[in-house]
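These are my notebook entries from a first pass through the structure shown below. I wrote down each thing I looked up, in the order in which I looked.

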Amino acid sequence: MNANPLKWFSHLRTRYILHRHPIPHDVWHSLMSHALFKGLSAVEKAHLRELSTLFLYHKNFIATQEFRLSQEMLVSIAAQACLPILNLGLNCYDGWRDIIIYPVAFKVNRNITDSIGLVSHEEQFLGGEAWSKGPVILSWEMIYSNLRTPHSGHNVVIHEFAHKLDMLNGTTNGMPPLHPKMVREDWTQAFSDAFEHLQQQIERGHRPDINAYAATSPAEFFAVCSEYFFTAPENLNHHFPKVYEQLTEYYRQDPKTRKV
Ligand SMILES: [Zn+2]
């Protein structure tokens, strides 16, 4: 008799979902040929496939504007969302269900408050957005472009799901809940030094080491560094080695060691 019936039942249910809702081999095989996944080991790919299957089962995809989502699209979003949590577990994405997909960039209206308290109204077009305890919103056009014509440091799915991880401790401040053996001061020092350095480069009109959008806030810095970590690890490690080191501890992966 199993000592923990709840755990046993949960394991059985997971096996059942994996068995009943498999990702077709051709869809998975073609997705794995993209640069983002190429360097993963066979074991990592198999684990990513299981996580993606469970992700697709538990999340609710909503297409807007009569946009039709194919199985290939859903699997590609799931696999990109699950890459950061490969060694963290799917429960990092608990507490919300909806993923809203627009065909192209979507318009949002925002009230912006400046440093002296003046509020202005602004219209913006976004490729992605993540709400705390709410949906993740993505533009398929951007997802497709990131996958087909990859540019260092650009992956909208990883960016928005990094925000979701950041939000797990209730605040979106660029520091997700750290693992027990990680040192909070080391994280803070590495990230604040790098953030300051990037801001200075921009203020002085120098070419920024990474995408200048990272300098807009500590939360965006973490999300953009996560994009680099998975799409251009050598680049991030070269410019911000201490940030890279903290991210290897946090994500429990070292993408720069992967051979593409
Ligand atoms: Zn962001």
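**Entry 1: the metal site.** I began by asking whether His-159 and Glu-220 are buried or exposed. In this predicted model, His-159 is buried, and Glu-220 is buried as well. I then looked up what surrounds the zinc ion, and found that it is coordinated by NE2 of His-159, NE2 of His-163 and, listed twice, an OE atom of Glu-220, at 2.1 to 2.6 Å. Along the chain, these donors of the zinc ion follow the spacing H-x3-H-x56-E. His-159 belongs to helix α7 (residues 156–166) and Glu-220 to helix α9 (residues 218–231), so this pair ties together parts that are 61 residues apart in sequence.

I also wanted to know why the arrangement around the zinc ion is irregular. The 4 donor atoms subtend angles of 53 to 142° at the zinc ion, and this makes the arrangement irregular. For tetrahedral, I noted, all angles would have to lie between 85 and 135 degrees.

**Entry 2: helix α9.** Since Glu-220 lies in helix α9, I went on to look at that helix as a whole. How many of the 14 residues of α9 are buried? I found that 12 of the 14 are, and α9 is thus mostly covered. Among the buried residues are Phe-221, Phe-222, Phe-229 and Phe-230, as well as Glu-220 itself and a further glutamate, Glu-227. For the length, I compared the expected span with the model: at 1.5 Å a residue, the 14 residues of α9 should span 20 Å, and the end C-alpha atoms are 20 Å apart, which agrees.

**Entry 3: helix α4.** I repeated the length check on helix α4 (residues 42–58), where the 17 residues should span 24 Å at 1.5 Å a residue, and the end C-alpha atoms lie 25 Å apart, which agrees. The buried residues of α4 are Leu-48, Leu-51, Ser-52, Thr-53, Leu-54 and Phe-55.

**Entry 4: salt bridges.** How many salt bridges does a search of the whole structure find? The search finds 4, and I wrote down some of them, beginning with those that involve α4.

The side chains of Arg-15 and Glu-50 meet in a salt bridge, at 3.5 Å from N to O. This pair links distant parts of the chain, with Arg-15 in helix α1 and Glu-50 in helix α4, 35 residues apart. Arg-15 counts as partly exposed at 39% relative accessibility, and Glu-50 counts as partly exposed at 30%.

Between Arg-258 and Glu-44 there is a salt bridge whose closest N and O atoms are 3.0 Å apart. Here, too, distant parts of the chain are linked, as Arg-258 sits in the segment after α11 and Glu-44 in helix α4, 214 residues apart. Arg-258 counts as buried at 17% relative accessibility, whereas Glu-44, at 22%, counts as partly exposed.

The salt bridge of Glu-123 with Lys-107 has its closest N and O atoms 3.8 Å apart. This pair joins strand β4 (residues 119–126), which holds Glu-123, to strand β3 (residues 106–113), which holds Lys-107, the two residues being 16 apart. Lys-107 is partly exposed, with a relative accessible area of 48%.

**Entry 5: a surface patch.** Turning to the surface, I asked which residues form a nonpolar patch there. I found Trp-8, Phe-9 and Leu-12, which together have about 330 Å² of accessible area. Trp-8 lies in helix α1 (residues 5–20) and is partly exposed, with a relative accessible area of 45%.

**Entry 6: backbone angles.** I looked for residues that have a positive phi although they are not glycine, and noted Lys-133, with a phi of about 55°. Lys-133 has its place in the loop between β5 (128–130) and β6 (136–139), and it is exposed, with a relative accessible area of 71%. Arg-252, not a glycine either, has a positive phi of about 55°. Its place is in the segment after α11 (241–251), and at 44% relative accessibility Arg-252 counts as partly exposed.

**Entry 7: a distance across the model.** Last, I looked up Val-75, which is found in helix α5 (residues 71–82) and counts as buried at 1% relative accessibility. The C-alpha atoms of Val-75 and Pro-241 are separated by 32 Å, and the two residues are 166 residues apart along the chain.

Methods: Residues numbered from 1 in each chain as written. Predicted model: local features only at pLDDT ≥ 70, side-chain atom pairs only at ≥ 80, totals over all residues. Heavy atoms only, no water. Donors = N, O, S within 2.8 Å, 3.2 Å for Na, K, Ca; no water. Tetrahedral: all angles 85-135°; square planar, octahedral: opposite > 155°, others 65-115°. Helix = DSSP H or I, 4+ residues; strand = E, 2+ residues; numbered from the N terminus. Buried < 20%, exposed > 50% of the residue type's maximum accessible area, 1.4 Å probe, protein only. Patch = residues over 30% accessible without salt bridge, like charges linked within 9 Å, V, L, I, M, F, W, Y side chains within 5 Å. Areas by Shrake-Rupley, 256 points an atom, 1.4 Å probe, with all protein chains shown as cover. Expected span 1.5 Å × (residues − 1).
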